[in-house]
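Student: Hi! Could you walk me through this one with me? I have some quick questions lined up.
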Amino acid sequence: MNRELVLIVLGSLVGGLLKIAGGLFFGSNTLFVDALTSFANLLALFVVLYFRRATMMPADSDHHFGHERFEYIGVLVTMLAYSFVAGVSVARLSSLRDYSVGIEAFYLAVASIIAYLPPVMLSRRMSSSLRVYGEFTASEFIEASVGIVATIGGALYSYLIDLSGAFLLTGFIFYELLSNGRGLVEIMVDTAPPLNIYEKVVREAEVLGLKIEAIRLRRLSHAKFHGDILVKGSGDVTEKVSRLKKTLKARYGVDVCVERKE
């Protein structure tokens, strides 16, 4: 495990433990909900790291286009973990009565937002599965901000402020699930790549004097695509096609089969 991954794991662990302490020992239900998401984050992180290793395996007889899509298993487990957390949060909040919040919960909420800074910044620079983890973990900043307001309000004024924060965070979990679920569905149903990928393919072909008559692309992973194109050109088309394929794969992660239109 490289240094970046160690920092991601340690930062996530420390941030989670701080919020767990605030929720269990100092009465804040906002931090309790936040602590549950921390457990989910840690579980998701280890699953993502496990399947990240599988994505590095070369193509074989069972996976002709490589193993890049294994990373989305980690994304799926992340969503399942958050779904469980959402259910536990709803169950707890629906049965709450009067309670008190200690001022210590406020201090722990502040400390947790500092601890989560390295995991979020580092994960967003790494593989797509870790970027999705980073997007979930980035919500810790939003949740911690809510926690800071809710815990100090609950400690100094009324538990209802802390309870409102807990309901707000639970609703935000459902929003995250919906948003990231849409992205996962796009991969599952072979949604076409973004328009800028097509534009890059066309531009590189035109530089070589080739005209694209037809093109079909599909996303294999966050940064890898596969498809086929039909080109028309003059001169040594075979050499131009070879150069085009190498350029597209090296620069944009686009691996294509190219046919020449007579």
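Tutor: Happy to! Keep in mind that this is a predicted model. A good place to begin is the contacts: among those in the chain with a separation of 6 or more, 73% are between residues 24 or more positions apart.

Student: And how many helices and strands are there in the chain?

Tutor: The chain has nine helices and three strands. Going from the N terminus, the order is α-α-α-α-α-α-α-α-β-β-α-β.

Student: Is the chain a compact globule or more spread out?

Tutor: More spread out: its radius of gyration is 24 Å, well over the 18 Å that the globule rule gives for 262 residues. Along the principal axes, the C-alpha atoms fill a box of roughly 80 × 30 × 30 Å.

Student: What about burial and surface?

Tutor: Of the 262 residues, 48% count as buried. The accessible surface of the chain is about 13600 Å², and carbon and sulfur atoms make up 63% of that.

Student: Switching to charges: how far apart are the mean positions of the positive and negative ones?

Tutor: They are 5 Å apart, taken over 27 positive and 25 negative charges.

Student: Now H1. What span should it have, and what does the model give?

Tutor: Helix H1 covers residues 3-25, and at 1.5 Å a residue its 23 residues should span 33 Å. Its end C-alpha atoms are 32 Å apart, which agrees.

Student: Which residues of H1 are buried?

Tutor: The buried ones include Leu5, Ile8, Val9, Ser12, Lys19 and Ile20, plus several glycines such as Gly15 and Gly16. As for spacing, an α-helix has 3.6 residues a turn, so residues three or four places apart point the same way.

Student: What follows H1?

Tutor: Gly27 does, with a positive phi near 80 degrees.

Student: And H3, how does its span work out?

Tutor: Helix H3 runs over residues 71-93, again with an expected 33 Å for 23 residues, and its end C-alpha atoms are 34 Å apart, which agrees. Among its buried residues are Glu71, Tyr72, Val75, Met79, Tyr82 and Leu93.

Student: One more: where is Asp190?

Tutor: Asp190 sits in the loop between helix H7 (159-188) and helix H8 (195-207). Asp190 is partly exposed, with a relative accessible area of 33%.

Student: Which residues is Asp190 in contact with?

Tutor: Leaving aside neighbours within four places in sequence, Asp190 is in contact with Arg69, Arg218 and Arg219. Also, Asp190 and Leu217 are 27 residues apart in sequence, and their C-alpha atoms are 9.3 Å apart in space.

Notes
Residues are numbered from 1 along each chain as its sequence is written. This is a predicted model: local features need pLDDT of at least 70, side-chain atom pairs count only at pLDDT 80 or more; totals for chains, interfaces and linings use all residues. Side-chain values use heavy atoms; hydrogens and water are left out. Helices (H or I, at least four residues) and strands (E, at least two) are DSSP runs, numbered from the N terminus. The expected span of a helix is 1.5 Å times one less than its number of residues. Buried means under 20% relative accessible area, exposed over 50%, partly exposed in between (1.4 Å probe, protein chains only). The radius of gyration is taken over C-alpha atoms; the globule rule is 2.2 Å times the number of residues to the power 0.38. Contact means heavy atoms within 4.5 Å. Accessible areas come from the Shrake-Rupley method with a 1.4 Å probe; for residues, only the protein chains shown count as cover. Lys and Arg count as positive and Asp and Glu as negative; His and the chain ends are not counted. The place of a charge is taken as NZ of Lys, CZ of Arg, CG of Asp or CD of Glu.
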